[in-house]
Amino acid sequence: MMNSEQICIQANELVRRVGYFILQEAKAFSYDKVEEKSFNQLVSYVDKTAEEQLVKGLSDIFPQAGFITEEQTIATEEKEYMWVIDPLDGTTNFIHAIPVYSISVGLLRNRKPIMGIVYEINRDELFYAWEGSKAYLNGKEISVKQNAELSKSLLATGFPYYDFDGMKGYLNALQYFMQHTQGMRRMGSAAVDLAYVACGRFDGFFEYGLSPWDVAGGAFIVQQAGGRVCDFKGGEDAIFGRSIVASSTALYQAFFEVVRSRFA
């Protein structure tokens with residue numbers, strides 16, 4: 001029988017080590033080391049090496065699990081347990097020396113999240129939770145805000161950067177939130193946005209066009225911190241459904257209804 005807490009503790013240590021590698025590489029990184037996988041999909045040796053380190057370390061920690069990885073350094077093999085890894089969420093920020101990027105790790109059982117880790121590298125902030133636990137930031141319990149009013153909320157989003165099919169609905173939602181909240185923020189890392197919802201810095205977060213590795217870790221942490229997560233239709237497929245709404249339970253209905261109605 002797996003010991004979720006022990007696996008999470010070991011995975012946390014691994015993620016910190018890989019984060020240190022990324023931080024050291026950032027000091028001498030230059031743009032000529034960047035590759036473009038497709039339009040606005042950037043990658044470098046840092047992403048790939050970090051992913052290789054994570055895959056090796058997580059394989060040692062929990063050999064029974066397979067992997068879903070952004071840089072595909074290991075073939076996806078469907079298993080009961082699956083690690084979902086983004087070795088550098090916020091690659092564009094990293095490339096341009098903007099200090100907001102993270103490592104995101106989620107563990108799924110039968111495609112449902114049971115563990116989440118998000119490491120905001122520059123601030124040395126490790127967010128994590130496992131099945132049955134509370135949510136934590138550097139060892140201290142965290143929880144979502146209890147604010148129920150959009151007018152008092154600070155929200156986060158991610159701008160579309162390659163999938164522009166939902167632009168009309170997205171801009172309509174932005175317009176509403178700009179006029180009815182205390183502000184919008186775009187950090188450049190969905191994993192960081194979700195972690196900030198979990199610890200109460202943001203009241204809510206929404207974005208579309210995402211991949212499982214962007215959200216698997218952070219979405220679970222939000223839930224364990226007392227929040228709610230869904231896709232744009234209100235379903236439970238935020239991990240694989242390519243859209244996500246995350247907020248406190250108190251704000252959820254008002255926040256979700258604005259997003260849902262703009263993308264209906």
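**Exercise 1. A positive phi in a loop**

Task: Locate R242 in this predicted model, and state whether R242 is buried, exposed or partly exposed.

Solution.
- Step 1: R242 is placed in the loop between β13 and β14.
- Step 2: The phi angle of R242 is near 70°, which is a positive value in a residue other than glycine.
- Step 3: Most residues other than glycine have a negative phi.
- Step 4: R242 has a relative accessible area of 35%. Buried requires under 20% and exposed over 50%, with partly exposed in between, so R242 is partly exposed.

**Exercise 2. A second positive phi**

Task: Find the loop that holds A97, and say whether A97 is buried or exposed.

Solution.
- Step 1: A97 belongs to the loop between α3 (91–95) and β5 (102–109).
- Step 2: Its phi is near 60°, again a positive value in a residue other than glycine.
- Step 3: The relative accessible area of A97 is 65%. The cut-off for exposed is over 50%, so A97 is exposed.

**Exercise 3. Classifying two aromatic pairs**

Task: Classify the ring pair F127 and Y196, then the pair F206 and F232.

Solution.
- Step 1: Two numbers are needed, since a pair of aromatic rings is described by the distance of the centres and the angle of the planes.
- Step 2: The model holds 18 aromatic pairs. In the pair F127 and Y196, the ring centres are 6.4 Å apart and the planes meet at 55°. Planes under 30 degrees apart count as stacked and over 60 as edge-to-face, so this pair is tilted.
- Step 3: F127 comes from strand β7 (residues 125–130) and Y196 from helix α5 (residues 190–198), so the pair links distant parts of the chain, 69 residues apart.
- Step 4: F127 is buried at 0% relative accessible area, and Y196 is buried at 7%.
- Step 5: For F206 and F232 the centre-to-centre distance is 6.5 Å and the angle between the planes is 40°, a tilted pair.
- Step 6: F206 is in strand β12 (residues 204–208), while F232 is in the loop between β13 and β14 (243–248), so this pair ties together parts 26 residues apart in sequence. Both F206 and F232 are buried.
- Step 7: F206 and F232 also belong to one aromatic cluster, whose members include Y170, Y176 and F255.

**Exercise 4. Charges over rings**

Task: Which ring does the charged end of R111 sit over, and which ring face does R228 lie over?

Solution.
- Step 1: The charged end of R111 sits over the ring of F240, at 3.8 Å from the ring centre.
- Step 2: R228 lies over the face of Y252, and the distance to the ring centre is 3.8 Å.

**Exercise 5. Side chains that reach the backbone**

Task: Which backbone atoms does the side chain of T181 reach, and which backbone nitrogen lies 3.1 Å from a polar side-chain atom of S44?

Solution.
- Step 1: T181 is in the loop between α4 (167–180) and β11 (184–185). At 12% relative accessible area, T181 is buried.
- Step 2: The T181 side chain reaches the backbone oxygen of F177 at 2.6 Å and the backbone nitrogen of G183 at 3.1 Å.
- Step 3: S44 is part of strand β2 (residues 41–44) and is buried, with 0% relative accessibility.
- Step 4: A polar atom of the S44 side chain is 3.1 Å from the backbone nitrogen of V46.

**Exercise 6. Describing a pocket**

Task: Describe the second largest pocket by its volume, its lining residues and their classes.

Solution.
- Step 1: The second largest pocket holds about 250 Å³ of space.
- Step 2: Its lining has 13 residues, and the closest to the pocket centre are K112, P113, Q223, E236 and I239.
- Step 3: Two or more lining residues come from each of β6 (112–120), α6 (212–224) and β13 (227–230). α6 gives the most, with 3 residues.
- Step 4: By class, the lining consists of 8 nonpolar, 1 polar and 4 charged residues.

**Exercise 7. Sequence and space**

Task: How far apart in space are the C-alpha atoms of A190 and V215, and those of D89 and F202?

Solution.
- Step 1: A190 lies in helix α5 and is buried at 6% relative accessible area. A190 and V215 are 25 residues apart in sequence, and their C-alpha atoms are 6.6 Å apart.
- Step 2: D89 is in strand β4 (residues 81–89) and is buried at 6% relative accessibility. D89 and F202 are 113 residues apart along the chain, with 18 Å between their C-alpha atoms.

Conventions. Residues numbered from 1 in each chain as written. Predicted model: local features only at pLDDT ≥ 70, side-chain atom pairs only at ≥ 80, totals over all residues. Heavy atoms only, no water. 1 Å grid on protein atoms, 1.4 Å probe; cavity = no way out; pocket = protein on both sides within 12 Å on 5 of 7 lines; lining within 4 Å. Points joined across faces, edges and corners; volume = space filled by probe spheres on them. Helix = DSSP H or I, 4+ residues; strand = E, 2+ residues; numbered from the N terminus. Nonpolar A, V, L, I, M, F, W, Y, C, P; charged D, E, K, R; others polar. Phe/Tyr/Trp six-rings, centres within 6.5 Å; stacked < 30°, edge-to-face > 60°. Buried < 20%, exposed > 50% of the residue type's maximum accessible area, 1.4 Å probe, protein only. Lys NZ or Arg CZ within 6 Å of the ring centre and 35° of its normal. Polar contact = N/O pair within 3.5 Å; in protein donor to acceptor, adjacent residues only side chain to side chain.
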